[in-house]
Amino acid sequence: MRRAPGCPFDPPPAARAKQEEGPLARVGLWDGSTPWLVTRHAEQRALMADPRVSADITRPGYPSSAPIPPGGTSISFILMDDPEHGRLRRMVTAPFATKRVQALRPAIQRIVDDLVDELLAGPNPVDLVDAFALPVPSLVICELLGVPYADHEYFQDSSKTIVKRDVSTEQRTAAMGKLMSYLDDLVGTKMEHPADDLLSGLATRVEAGELTRSEAAQMGVLLLIAGHETTANMIALGTLALFENPDQLALLRDSDDPTLVASAVEELLRYLNITHSGRRRVATADIPVGDQVIRAGEGLIMANDIANRDAEVFPDPDRLDLRRDARRHLAFGFGVHQCLGQQLARLELQVVYSTLYRRIPTLELATDLDKVPFKHDGAVYGVYELPVRW
Ligand code: HEM
């Protein structure tokens, strides 16, 4: 949902007003449909964990944010239901488990340190998105998947188009086709020359007949997009939010307490909630909620941005407070589709937030806040550019 102009970190005031009225409200979509907006934290958690709620974009009533291309959209298991969703997700869970991810800490610290070295040696002011926020998660996910980082401009271009809301169906379909054929080729290469990476693991499963090559490529597309678009936006938007809250920035910069860093990451995830289009679902049966009933076939939009500002769960919710316990936030969703890469995202953000401001203590915004271009038109919220100086 579009955020209020002049108030770049807060969800739209109209949605907040609906939250005060009750847990469910009708909203109008681009195609004239009127799905339910689920406004509150408790009801969102209950519905996202409810087996009568489907994430299948091809079901009638699904509240799509844009026209669905003919032939559907191939973005793998994020838009599927169990058992198919679970079958595919299980094939890639191991590399994202907490222990495996924690083992990447030294490698991620090295990537971040090298990029800070390059920042300090390069032009000042500079665009933090281009020089730092995008390369960190891109380098990490490329390494994990086994995608050559040298191709990053190529795949970032397509993935930008896919997550942009204001593009035509033709443009999105073309970008998706490009990325699919890139990943399909790469899966082919891994079948011939396997390495120690996630795509090679999928290629082995293709050879064993557990997975089709197209399913493997679709999973690659999902992981590549999800792996860098989100975290990059959290790095840049999080930095901007800290610039606007200098007391909180000082807290983070002057502390070497890993507990504070971890809680800062959760609080920034809660406060910024970059997946601001809401979790989209459709009911497969009648579901009573309070004194209302969601009917089978009706669309649901779980607005996790406003759930994360629900005062019942987070007192004084509009205050960025890095010391609060924000772990119940819904920034990674909830239920079977809860973010697969959340431990990796947490680790990257912990390393970034505990390194960048300490190593460049005078880092500041190099323009006025009202000149920063925000991604109001993206499925993932953030900034297109963030000019900084030190
Ligand atoms: C700060 C960064 C991130 C945020 C805020 C985020 C947010 C989310 C959210 C809200 C969902 C749930 C979608 C739904 O219920 O409809 C999700 C799912 C997912 N995320 Fe993330 N994500 C982040 C980083 C990552 C990373 C680094 C990866 C790694 C590749 C990743 C991979 C995925 C995948 C594969 C799913 C689909 C899970 C499923 O359907 O079972 N995400 N993410």
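**The ligand shell, the cysteines and the fold**

Mentor: Helix 11 supplies seven residues to the shell around the ligand, the largest share from any element. Please bear in mind that this is a predicted model.

Trainee: Which residues come nearest to the ligand?

Mentor: The shell holds 27 residues, and H85, R89, R281, H337 and C339 come nearest.

Trainee: What makes the approach of H85 to the ligand a polar contact?

Mentor: A polar side-chain atom of H85 lies 2.6 Å from an oxygen atom of the ligand. A polar contact requires a pair of N or O atoms within 3.5 Å, so the pair formed by H85 qualifies. For R89 the corresponding value is 2.7 Å, again to an oxygen atom of the ligand. A polar side-chain atom of H337 lies 2.6 Å from a ligand oxygen.

Trainee: Which elements give two or more residues to this shell?

Mentor: They are helix 3 (84-90), helix 11 (213-243) and strand 5 (279-283).

Trainee: How do the residues of the shell divide into nonpolar, polar and charged?

Mentor: The shell has 16 nonpolar residues, eight polar ones and three charged ones.

Trainee: How do you know that C142 is in no disulfide?

Mentor: The structure holds zero disulfides. The cysteine sulfur nearest to that of C142 belongs to C339 and is 17 Å away. A disulfide requires two cysteine sulfur atoms within 2.5 Å, and therefore C142 does not meet the criterion.

Trainee: Why is C142 called buried?

Mentor: Its relative accessibility is 2%. Buried means under 20%, so C142 falls in that class.

Trainee: And why is C339 called partly exposed?

Mentor: C339 has a relative accessibility of 29%. Partly exposed lies between the limits of 20% and 50%, so C339 belongs there.

Trainee: How many of the residues of the chain count as buried?

Mentor: Of the 390 residues, 55% count as buried.

Trainee: How many helices and strands are there in the chain?

Mentor: The chain contains 15 helices and 10 strands.

Trainee: Why is the chain described as being as compact as a globular protein of that length?

Mentor: Its radius of gyration is 21 Å, and the globule rule gives 21 Å for 390 residues; the two values are close, so the description holds. The C-alpha trace spans about 60 × 55 × 40 Å along its principal axes.

Trainee: What share of the contacts with a separation of 6 or more comes from residues 24 or more positions apart?

Mentor: Such residues account for 71% of those contacts in the chain.

Technical notes: Residues are numbered from 1 along each chain as its sequence is written. This is a predicted model: local features need pLDDT of at least 70, side-chain atom pairs count only at pLDDT 80 or more; totals for chains, interfaces and linings use all residues. Side-chain values use heavy atoms; hydrogens and water are left out. A residue is near a molecule or strand if one of its heavy atoms lies within 4 Å of it. A polar contact is a pair of N or O atoms within 3.5 Å; within protein, one must be able to donate a hydrogen and the other to accept it, and residues adjacent in sequence count only if both atoms are side-chain atoms. Helices (H or I, at least four residues) and strands (E, at least two) are DSSP runs, numbered from the N terminus. Ala, Val, Leu, Ile, Met, Phe, Trp, Tyr, Cys and Pro count as nonpolar, Asp, Glu, Lys and Arg as charged, and the others, Gly among them, as polar. Buried means under 20% relative accessible area, exposed over 50%, partly exposed in between (1.4 Å probe, protein chains only). The radius of gyration is taken over C-alpha atoms; the globule rule is 2.2 Å times the number of residues to the power 0.38. Contact means heavy atoms within 4.5 Å.
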